[in-house]
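Me: I should like to learn how to read helices, chain contacts and salt bridges in a structural model. Would you take me through them in turn?

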Amino acid sequence: MGLELYLDLMSQPCRAVYIFAKTNGIPFELRTVELLKGMMFPVFLGEPVPPETLAATLAELDRCLQLLEDKFLRNQAFLTGSHISVADLVAITELMHPVSAGCQIFESRPKLAAWRQRVEAAVGKDLFQEAHAVVLKAKDLPPADHAMREKMRPLMQVLLK
Amino acid sequence: MGLELYLDLLSQPSRAVYIFAKKNGIPFELRTVEVLKGQHLSKEFFQVNSLHRVPVLKDGDFILTESVAILIYLSIKYQTADYWYPPDLQARARVHEYLGWHADCIRGTFGVSLWTRVVAPLIGAQVPEEKVKRNRAIMDQALQQLEDKFLGDRAFLTGQQLTLADLMALEELMQPVALGYDLFEGRPRLAAWRGRVEAFLGAELCQEAHSPILSILEQAAKKTLPVPPPEAYPNMLLRIAKIP
């Protein structure tokens with residue numbers, strides 16, 4: 001048995017590994033693992049997130065993006081210099097997560113948007129779209145059934161605190 | 001100017017860097033940054049690390065943050081013994097496997113009790129008991145995974161030899177111990193592992209590195225801790241608010 005990669009393309013780190021293997025032509029058997037059907041918790045559970053929690057989360061996201069721009073990207077082409085590295089893969093796959101949730105984080109940040117274009121070009125636009133197809137469709141998933149919702153409730157309480 | 005290490009021995013990753021440098025006889029200038037005094041928020045320190053965090057390494061003009069990056073840099077630059085960061089591909093991958101999980105499941109969680117038991121009372125912040133209980137439950141779960149997946153019946157976390165993984169893990173686990181939760185009690189496998197790591201590092205070095213954090217509760221009781229300056233409050237309150 002050759003190399004096997006157990007991945008769920010809904011997961012940010014899984015996408016980073018997937019893109020890395022594919023862009024470098026590393027032969028592997030994909031073993032798809034579906035962790036949770038959909039990361040869109042409010043829609044999924046049919047319950048709204050308290051506005052204060054949402055506001056705090058978005059503020060924190062904003063702060064992190066600012067740090068990413070100011071400390072790591074600065075005036076470089078990529079996060080650690082003039083060439084793409086695994087750091088850019090790990091970062092871009094994380095940032096695509098809020099995008100898939102409808103947060104247009106690149107819209108108001110031209111520096112980050114330009115970096116994203118460079119990363120996409122470096123790995124290949126087709127591969128990038130392919131890796132993100134699953135998570136970008138997450139918004140359109142139907143809400144969970146009652147049994148799934150009950151199972152996820154305790155997890156939600158911790159995550160949303 | 002030679003190698004400078006900006007550290008606060010109250011900080012778990014700072015201790016890992018300190019112990020590593022000392023154990024390997026790496027010459028450095030210690031630049032103490034006292035987080036309780038808000039020194040990490042000073043304008044001077046901002047020039048060293050705009051993220052206001054320790055540890056930081058300064059090697060001439062090269063400034064490096066993040067304890068894992070610092071440990072790896074030191075191990076390669078000073079050509080420390082192979083076992084710390086093994087050259088064998090799979091052995092090295094195991095170290096990174098542990099450190100990746102550590103970043104998600106140990107970091108953050110094991111440091112909470114310093115904030116709830118010492119910093120919050122010092123600045124008059126309230127932490128709901130529910131959060132303290134939740135933190136304990138999360139730590140217990142992580143310790144179970146640490147024992148079962150990473151330690152198993154091996155001598156050290158990634159195999160039969162000590163690596164950077166063991167050093168990082170020990171310093172995190174010492175934090176709740178210092179803050180009153182003896183997590184080694186009732187966990188003989190982990191206690192035995194701790195014994196092996198400390199014996200390897202040397203009792204004297206461990207004592208030196210651990211003494212500030214081990215005496216923190218006593219200092220708090222005697223009211224001999226520095227009082228954080230008001231400008232440190234927002235940063236500290238934010239950290240406390242982030243406790244799940």
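Reply: The dialogue below goes through a helix, an interface and several salt bridges.

Me: On what basis are the values given?

Reply: This is a predicted model, in which local features need pLDDT of at least 70 and side-chain atom pairs count only at pLDDT 80 or more, while totals for chains, interfaces and linings use all residues. Residues are numbered from 1 along each chain as its sequence is written, chains are lettered from A and ligands numbered from 1 in the order in which they are written, and side-chain values use heavy atoms, with hydrogens and water left out.

Me: What span should helix α7 of chain B have?

Reply: Helices (H or I, at least four residues) are DSSP runs, numbered from the N terminus. The expected span of a helix is 1.5 Å times one less than its number of residues. For the 15 residues of α7(B), residues 164-178, that gives 21 Å, and the end C-alpha atoms are 21 Å apart, so the two agree.

Me: Is α7(B) mostly covered or uncovered, and what comes just after α7(B)?

Reply: A residue is buried under 20% relative accessible area, exposed over 50%, and partly exposed in between (1.4 Å probe, protein chains only). In α7(B), 15 of its 15 residues are buried. Just after this helix, Gly180(B) has a positive phi of about 105 degrees.

Me: How many residues does each chain bring to the contact?

Reply: Contact means heavy atoms within 4.5 Å. Chain B contributes eight residues and chain A six residues. Buried area is the accessible area (1.4 Å probe) that two parts lose on being put together, summed over both. Here the figure is about 610 Å², with 60% coming from carbon and sulfur atoms. On the side of chain B, Leu51(B), Arg134(B) and Lys242(B) lose the most area to chain A, together 52% of what that side buries.

Me: Which side chains form the salt bridge between chain B and chain A?

Reply: A salt bridge is a side-chain nitrogen of Lys or Arg within 4 Å of a carboxyl oxygen of Asp or Glu. The rule finds one across this interface, and Lys242(B) and Glu60(A) are its partners, at 3.3 Å from N to O. The side of chain B that touches chain A divides into two nonpolar, three polar and three charged residues. In that grouping Ala, Val, Leu, Ile, Met, Phe, Trp, Tyr, Cys and Pro count as nonpolar, Asp, Glu, Lys and Arg as charged, and the others, Gly among them, as polar.

Me: How many salt bridges are there over all chains?

Reply: The whole structure holds 24. One of them joins Asp62(A) and Arg109(A) at 3.0 Å, N to O. Asp62(A) lies in helix α3 (residues 51-73) and Arg109(A) in the loop between α4 (86-100) and α5 (110-123), so the pair ties together parts 47 residues apart in sequence. Asp62(A) is partly exposed at 43% relative accessibility, whereas Arg109(A) is buried at 7%.

Me: What separates Glu130(B) and Arg134(B) in helix α6 of chain B?

Reply: These two residues are separated by about one helical turn, because they are four residues apart in that helix (residues 129-151). Their salt bridge has an N to O distance of 2.6 Å. Glu130(B) is partly exposed at 42% relative accessibility, and Arg134(B) is buried at 17%.
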